[in-house]
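Here are my notes on the model you sent. They cover one helix and one small group of strands.

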Amino acid sequence: MSSKVNREEGYCDVVLPLPLPQLFTYKIPPTYIKNIHVGVRVIVPFGQRKFVTGVVKKIHQNKPAAYQTKEILDVLDTEPTMNSLQFRFMDWMAEYYLCTPGEVLQAALPSGFKLSSESMIQLNPAFKESDFDLTEKEQRVIQELRSRTLSYKDISKLIDSPGVQSIIKSLIQKQAILLFEEVKEKYSPKIVTRIRLNEKFTSNESLSALLDQFEKKPKQQEIILRYLQQVPVLLDAESNRLGIEKSLLLNTNISATSLQTLLKSEIFISFEEIVSRLTFRPDEKKHSVSLSPDQETAKESILRQFDSKDIVLLHGVTGSGKTEIYIDLIKRSIDNGSQALLLLPEIALTTQIVNRLEEYFGDKMGVYHSKFSDNERVEVWKGLQEGRYDFIVGVRSAIFLPFTHLGLVIVDEEHESSYKQQDPAPRYNGRDSALVLARIHSAKTLLGSATPSIESRDAALKNKWGYVSLLKRYANVALPEIVFADMKTERKNKTVQQGFSLKLLTAIRETIANKKQVIIFQNRRGYAPMLECEDCGNIPMCNSCSVSLTYHQFSHELRCHYCGFARKVPNKCDSCSSNRLKTIGAGTERLEDELQLILPEARISRMDLDTTRRKNSFAELITAFSQGEIDILIGTQMVTKGLDFANVELVGVYDADRMLYFPDFRAIERTYQMIVQVSGRAGRKSGMGKVIIQTAQPDHPVFPFIQKNDYDNYFTREVYEREMYLYPPFTRMIHVSVLHLDKKEALKCGEQLAGKLRAKIGSKRILGPQAPSIERLRNYYHIELFIKLERDIKGLQSIKNEIAAIIGSEQNMHMGSKGRIIIDIDPI
């Protein structure tokens with residue numbers, strides 16, 4: 001693939017971040033012939049009036065015969081933003097997950113790399129003001145437009161009013177103005193203003209004279225002295241060249257006016273500097289990690305197996321010290337001149353683990369996740385390209401970063417469903433995609449978990465992957481004791497209080513009395529799942545989805561957790577006007593309130609999506625809990641994921657039954673994983689941990705495996721059932737969703753599609769069509785089909801392409817604008 005064009009005329013194929021199956025060829029203008037490379041971003045016209053940021057994938061001299069090529073409008077990069085390894089990875093993802101290259105590019109590129117356009121207004125040169133009667137505000141706008149173009153925001157400031165639409169509409173009707181789109185890059189570097197002392201005052205004599213000069217101007221003399229306190233200009237001339245941030249000097253309560261006077265008289269010089277938005281501690285890094293004998297044995301086994309296997313599964317119980325092994329392996333990879341990537345399933349994990357990793361890797365480590373701003377993510381991308389980072393820790397989207405010599409990929413908590421992207425396309429699995437990324441780079445992959453997925457453990461058992469176990473906690477700390485609170489018996493004995501069993505409440509009181517901490521796990525947020533009329537039984541439902549609205553007491557609203565629809569809590573029943581409304585069920589918000597009533601002396605906080613929306617809210621909650629400022633932390637599955645708290649002695653699982661009986665073949669697996677993971681938060685340092693599981697089915701077959709931490713027998717039972725009913729890992733699954741605004745049309749299309757698929761690949765491979773448990777979402781009715789393909793089937797990609805072709809044909813022929821069909825490869 002040529003990266004430059006040497007002739008005067010050339011063309012390039014551009015990937016556009018749009019859901020279109022093909023690349024688009026554009027002509028390279030002569031002015032850009034010498035600067036254009038594979039991987040640079042370009043602005044190109046698309047359609048009649050649209051401008052799009054694309055990435056050049058190929059440069060050639062082949063003029064398309066089928067259509068007239070448009071020219072590239074601008075080249076945004078001097079160096080490529082993407083490399084050839086990224087293109088290989090993106091091509092694989094588009095092919096495997098049956099999506100378009102543009103959809104992959106849309107997921108891969110940070111938003112800060114894409115252009116934004118802003119509507120701008122200019123004066124129409126043909127406009128004659130004398131022909132119209134203009135209002136005072138219109139005259140003001142026209143007068144300003146004579147010297148410059150204006151944005152909507154500029155006009156709002158000019159007329160001192162947020163309502164500018166009526167004025168703009170009026171001026172358009174009078175043909176006084178023209179509207180156009182100004183295209184600009186979203187990313188902007190962070191710039192700080194610094195000041196330094198003029199160099200002519202940096203000698204002993206000149207500085208003394210300067211201070212004498214301002215002896216009668218104490219405010220200005222104080223500023224000079226404050227600067228000298230922080231910048232020793234006589235001892236270190238370089239420190240004066242670097243100067244000090246202007247904001248830091250102003251924060252010392254000096255006079256801003258006096259500082260401005262000193263700047264005008266050039267006593268101080270002001271200058272700007274581009275700085276990183278990302279700050280880490282580069283000093284006093286730890287050079288090595290101390291491993292226990294068990295950890296050392298596990299690490300050496302991983303390294304030995306890497307000699308013959310590219311992938312190794314590390315099965316380490318909660319608290320066994322997997323992170324220390326990760327750190328040692330990452331340091332080895334970096335020392336060997338390679339890059340390393342550590343994937344985590346959710347942002348919730350990054351706060352604690354980043355603090356630990358920072359001690360070893362300092363500013364050579366980049367962090368990449370969605371809570372970062374667009375600008376911050378661009379800086380991590382650029383930092384990796386420029387060699388500032390050897391190591392990245394991030395969530396699933398970090399697999400798209402521009403690695404050039406990746407040597408090690410670690411996927412922590414590899415079993416987590418959070419690695420799966422659900423919407424929009426590409427609907428990829430971050431764990432599975434990381435394996436391919438590593439293969440492209442000829443890198444090694446380590447998958448770590450206390451509760452490995454059935455598929456991963458099966459691959460290790462079949463010797464496809466290496467396998468290492470670490471079944472003791474660090475320092476031989478005991479695993480927590482797991483007991484059950486039989487809710488049937490407690491309800492019969494009337495010992496349940498606000499949904500809490502006597503056994504759990506007693507343990508909570510004892511734990512707090514002993515100055516220890518408690519975690520309560522309930523995988524349902526909000527106050528209550530539904531509001532019900534006691535007279536007629538009516539339950540408020542979402543207008544767009546076939547689900548009840550969840551009651552949120554704090555915001556006093558009913559909210560749909562699927563589409564975001566919200567309404568105020570009604571004072572009376574929508575159906576019969578009764579005012580006897582009651583809440584049904586309990587979410588984390590309700591548990592927080594009711595536990596506070598039961599234990600008024602306890603300090604209780606909540607960790608769920610509602611309390612962690614802000615950028616730093618995870619960190620603030622985790623820090624407060626770590627420092628003992630919270631006695632009881634109530635949370636959704638966020639609290640199950642790898643968090644390490646030294647003082648947690650008790651974990652309560654509020655409602656295990658809801659997870660067990662969810663209509664999904666993975667329900668038992670998810671229940672086992674979630675309860676074992678949250679149990680692992682207890683007794684990590686003291687070994688005195690206890691877990692109480694509230695259930696009405698204490699004799700369910702999965703509970704003895706959880707109680708004994710018996711993964712092997714749990715796996716044997718689960719894999720037996722999977723094989724009997726032909727579910728993964730014995731088959732590959734494809735989930736097809738038919739969505740339509742009309743229920744009958746959705747079912748009709750689903751039946752037609754199922755018939756065509758059966759005729760093509762066999763009826764035994766098709767399950768459905770059928771309505772899912774939630775039939776309507778965001779106004780669309782859903783009909784689903786499952787396709788099961790044998791694990792070792794020949795020509796897998798060809799069969800998948802045939803399936804995609806049938807679905808594409810059905811989409812084009814019957815769905816129209818009111819429906820669509822979604823393909824999900826390897827659903828979770």
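**Notes on one helix and one sheet**

1. In this predicted model, helix α24 has six side chains to look at first: Tyr711, Tyr714, Phe715, Glu718, Val719 and Arg722 are buried. Buried here means under 20% relative accessible area.

2. Seen down the axis of α24, these buried residues fall within an arc of 120°, so they line one face of the helix. In general, an α-helix has 3.6 residues a turn, so residues three or four places apart point the same way.

3. What does that face pack against? The buried residues of α24 contact two kinds of element: the strand β12 (311-316), and the helices α16 (454-461), α22 (667-679) and α23 (702-707).

4. Helix α24 runs over residues 711-724, 14 residues in total. From first C-alpha to last it reaches 20 Å, close to the 20 Å expected at 1.5 Å a residue. Just after α24, Leu726 has a positive phi of about 60°.

5. Turning to the strands, β22, β23 and β24 form an open sheet in that order, and the pairing is antiparallel. At the edges are β22 (550-552) and β24 (566-568), each of which pairs on one side only. From one strand to the next, the twist averages 30°.

6. How many bridges join β23 to β24? There are three between β23 (residues 557-559) and β24, and the two strands run antiparallel. One residue pair can be checked by eye: Arg559 has Ala566 of β24 as its bridge partner.

Terms used: Residues are numbered from 1 along each chain as its sequence is written. This is a predicted model: local features need pLDDT of at least 70, side-chain atom pairs count only at pLDDT 80 or more; totals for chains, interfaces and linings use all residues. Side-chain values use heavy atoms; hydrogens and water are left out. Two strands pair if DSSP finds at least two bridges between them. Helices (H or I, at least four residues) and strands (E, at least two) are DSSP runs, numbered from the N terminus. Axes are lines fitted to C-alpha atoms, for helices over the stretch in contact, and angles run from 0 to 180 degrees between N-to-C directions. The expected span of a helix is 1.5 Å times one less than its number of residues. Buried means under 20% relative accessible area, exposed over 50%, partly exposed in between (1.4 Å probe, protein chains only). The arc is that of the directions from the helix axis to the C-beta atoms. Contact means heavy atoms within 4.5 Å.
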